[in-house]
Amino acid sequence: MDSATNILYEDIIRENGQEFGGVTARLTTNELWAEFSRLGTEMIVTKAGRKMFPTLQMRIEGLQPSAYYVLMVDFVAIDPCRYRYLFHSSRWVTAGKADPVSPPRVYVHPDSPATGSHWTSHVISFDKLKLTNNQLDDNGHIILNSMHRYQPRLHILHITSHSSSHSFKTFLFPHTEFTAVTAYQNQRITQLKIASNPFAKGFRECDQDDWFNK
């Protein structure tokens, strides 16, 4: 998907989409997300772009088998604040107003558009999605501000050829809020990522920031 297509889908949702019902989406990694949430989830952002861990993986039900859908994810700020981490008390506190934001982006799943039967036949993973703090990024990554809190959202867009108004459904999942950081602040988050990431276990003796989500 090129950037112009992403903008088109975003405009449909924000301006002239109609929400449909009868569809459910269940986060298959919810238990892992909940474990991180109890500690205060942090996600690394880099100029080159960094994959998320835990990843957004879900099962979707209720789509029309032969209809076509686009799946996409965007991120919204939880509040208008910037945060900082107090190491002596191991907690996040507000540190002023949020930094200026770049125009919001959406990440379109690379299988899009696909039929409802395709989306409901297996677990859907957004494991190729990357987060960046590069305000000038031209790779289509999601641009976030470090030390700000975000909530990911899933949008399912029903594509029709006979209408200029497409229908959609938006999902928010519990426990998926996180603070964007350029380096992990809470060491317990670092330890949990090492213990939980199957690609990390062979690199425990390495510099952690060198291998996370490459």
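Select Leu131 to begin, and bring up its neighbours. Leaving out anything up to four places away in sequence, Leu131 touches Met43, Ile44, Val45, Thr46, Gly49, Arg50, Met52, Phe75, Ile142, Leu144 and Phe178. Keep in mind while you click around that this is a predicted model.

Now widen the selection to the core around that residue. Leu131 is among the residues with the most contacts inside the largest nonpolar core, along with Ile60, Leu154 and Ile156. That core has 33 residues. Want to colour it by element? Pick strands E2 (24-27), E5 (57-61), E6 (68-77), E14 (149-159) and E16 (178-181), the elements that give two or more residues to this core. Which of them gives the most? That would be E6, with four residues. As general background, nonpolar side chains in soluble globular proteins tend to be buried together.

There is another core to find. A second one, separate from the first, has eight residues, and these include Phe36, Met147, Val181 and Ile189. Two of those names take you to the next stop and one to a later stop.

Next, show helix H2 (residues 30-39) and helix H4 (residues 187-196) as cartoons. Their axes are 10 Å apart, and the helices pack at an angle of about 165°. An angle over 145° counts as roughly antiparallel, so that is how H2 and H4 run relative to each other. Look at the handedness too: H2 passes H4 in a right-handed crossing.

Now switch on side chains between the two helices. From H2, pick Leu32, Glu35, Phe36 and Leu39; from H4, pick Arg188, Ile189, Leu192, Lys193 and Ser196, which they meet. What is the mix by class? The contact has five nonpolar, one polar and three charged residues. Phe36 and Ile189, both in this contact, are also members of the second core.

Met147 is the one to centre on now. You'll find Met147 in the loop between strand E13 (142-143) and E14. Check its backbone: phi is positive, about 65°, although Met147 is not a glycine. Is Met147 buried or exposed? It is buried, with a relative accessible area of 16%.

For a second positive phi, jump to Ser90. This residue sits in the loop between strand E7 (81-86) and strand E8 (91-97), and its phi is near 55°, again in a residue other than glycine. Ser90 is partly exposed, at a relative accessible area of 41%.

While you have backbone torsions on screen, go and look at omega in two places:

- Select Phe53 and Pro54: a cis peptide bond joins them, with omega at about 0°. Pro54 is in the loop between strand E4 (50-51) and E5.
- Select Ser112 and Pro113: the peptide bond from one to the other is cis, with omega near -10°. Pro113 belongs to the loop between strand E9 (106-108) and strand E10 (114-115).

Last stop: Thr28. Find this residue in the loop between E2 and H2. Thr28 counts as partly exposed, with 32% relative accessibility. Draw a distance from its C-alpha to that of Met58 and you should get 5.0 Å, for two residues 30 apart along the chain. Which residues does Thr28 touch, not counting those up to four places away in sequence? Gln57, Met58, Arg59 and Val123.

Note on methods. Residues numbered from 1 in each chain as written. Predicted model: local features only at pLDDT ≥ 70, side-chain atom pairs only at ≥ 80, totals over all residues. Heavy atoms only, no water. Axes fitted to C-alpha atoms, helices over the stretch in contact; angles between N-to-C directions. Parallel < 35°, antiparallel > 145°, perpendicular 65-115°, else oblique. Left-handed = near helix turned anticlockwise from the far one by under 90°. Contact = heavy atoms within 4.5 Å. Nonpolar A, V, L, I, M, F, W, Y, C, P; charged D, E, K, R; others polar. Core = buried A, V, L, I, M, F, W, Y, C linked by side-chain atoms within 4.5 Å. Buried < 20%, exposed > 50% of the residue type's maximum accessible area, 1.4 Å probe, protein only.
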